[in-house]
Amino acid sequence: EGNSTTTNLQQGLCKSWGHFIGTAGTPAFDDSFNKSSLTDDGGSGVFTTAFTNNMANADYVELPVSSFFSGLWSNAEMTTSDCKIFTSNASGTNVDRDITATATIGDLA
């Protein structure tokens, strides 16, 4: 990227990440970077993570993972300020998972 940019603006670097226990009564990040909040959206396995510093557009990549191979995916309705993620079982039913993590790759605003 050259000498004139700061590390957090370089292409190809993770712009945010978060780790949480999805089965907790009120899930909260155990640790995170550029994530301002985590919301349990009321149903099993549905969470919204908000960014501290917004993304430039909604064309970023969200990479959620969980403690169990479970068909985990991120919602195509991502916005510049947040992203909804889902955890599911092998049959596609949304369920809360113990360890859940997510990372974001894209351009910051």
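In this predicted model, Ser 16 touches Phe 33, Asn 34, Lys 35, Phe 51, Thr 102, Ala 103 and Thr 104, leaving aside residues up to four places away in sequence. Ser 16 belongs to strand β1, which spans residues 14-21. With a relative accessible area of 0%, Ser 16 counts as buried, because that class takes in values under 20%. Its surroundings are not purely a matter of packing: the side chain of Ser 16 also makes a polar contact with the side chain of Thr 104, at 2.6 Å.

From this residue, the view can be widened to the whole chain. The protein chain holds eight strands and zero helices, so the pattern along the sequence reads β-β-β-β-β-β-β-β. Of its 109 residues, 35% are buried. Among contacts with a separation of 6 or more, 51% join residues 24 or more positions apart. The exposed surface comes to about 5,900 Å², with 52% of it supplied by carbon and sulfur atoms.

Strand β1 takes its place in an open sheet of four strands, ordered β2-β1-β8-β5 and paired in the antiparallel sense. At the edges lie β2 (29-33) and β5 (61-66), each of which pairs on one side only. From one strand to the next, the twist averages 10°. Within this arrangement, β5 and β8 (residues 99-105) are joined by six antiparallel bridges, and Val 65 stands opposite Ala 101 of β8.

A further antiparallel pairing links β3 (residues 35-40) to β4 over five bridges. Here Ser 37 stands opposite Ala 50 of β4. Five residues separate the two strands of this hairpin, where Gly 42 adopts a positive phi near 95°.

Turning to the nonpolar interior, the largest core brings together eleven residues: Phe 20, Phe 29, Leu 38, Phe 47, Phe 51, Met 55, Tyr 60, Met 78, Cys 83, Ile 85 and Leu 108. Strands β4 (46-51) and β7 (82-86) each supply at least two residues of this core. Phe 20 offers a handy point from which to explore the core. Beyond residues up to four places away in sequence, Phe 20 touches Pro 27, Ala 28, Phe 29, Asp 30, Leu 38, Phe 47, Ile 85, Asp 98, Ile 99 and Thr 100. These partners include the core members Phe 29, Leu 38, Phe 47 and Ile 85. Phe 51, another core residue, is also one of the residues touched by Ser 16, which brings the description back to its starting residue.

Technical notes:
Residues numbered from 1 in each chain as written. Predicted model: local features only at pLDDT ≥ 70, side-chain atom pairs only at ≥ 80, totals over all residues. Heavy atoms only, no water. Buried < 20%, exposed > 50% of the residue type's maximum accessible area, 1.4 Å probe, protein only. Contact = heavy atoms within 4.5 Å. Areas by Shrake-Rupley, 256 points an atom, 1.4 Å probe, with all protein chains shown as cover. Core = buried A, V, L, I, M, F, W, Y, C linked by side-chain atoms within 4.5 Å. Pairing = 2+ DSSP bridges. Polar contact = N/O pair within 3.5 Å; in protein donor to acceptor, adjacent residues only side chain to side chain. Axes fitted to C-alpha atoms, helices over the stretch in contact; angles between N-to-C directions.
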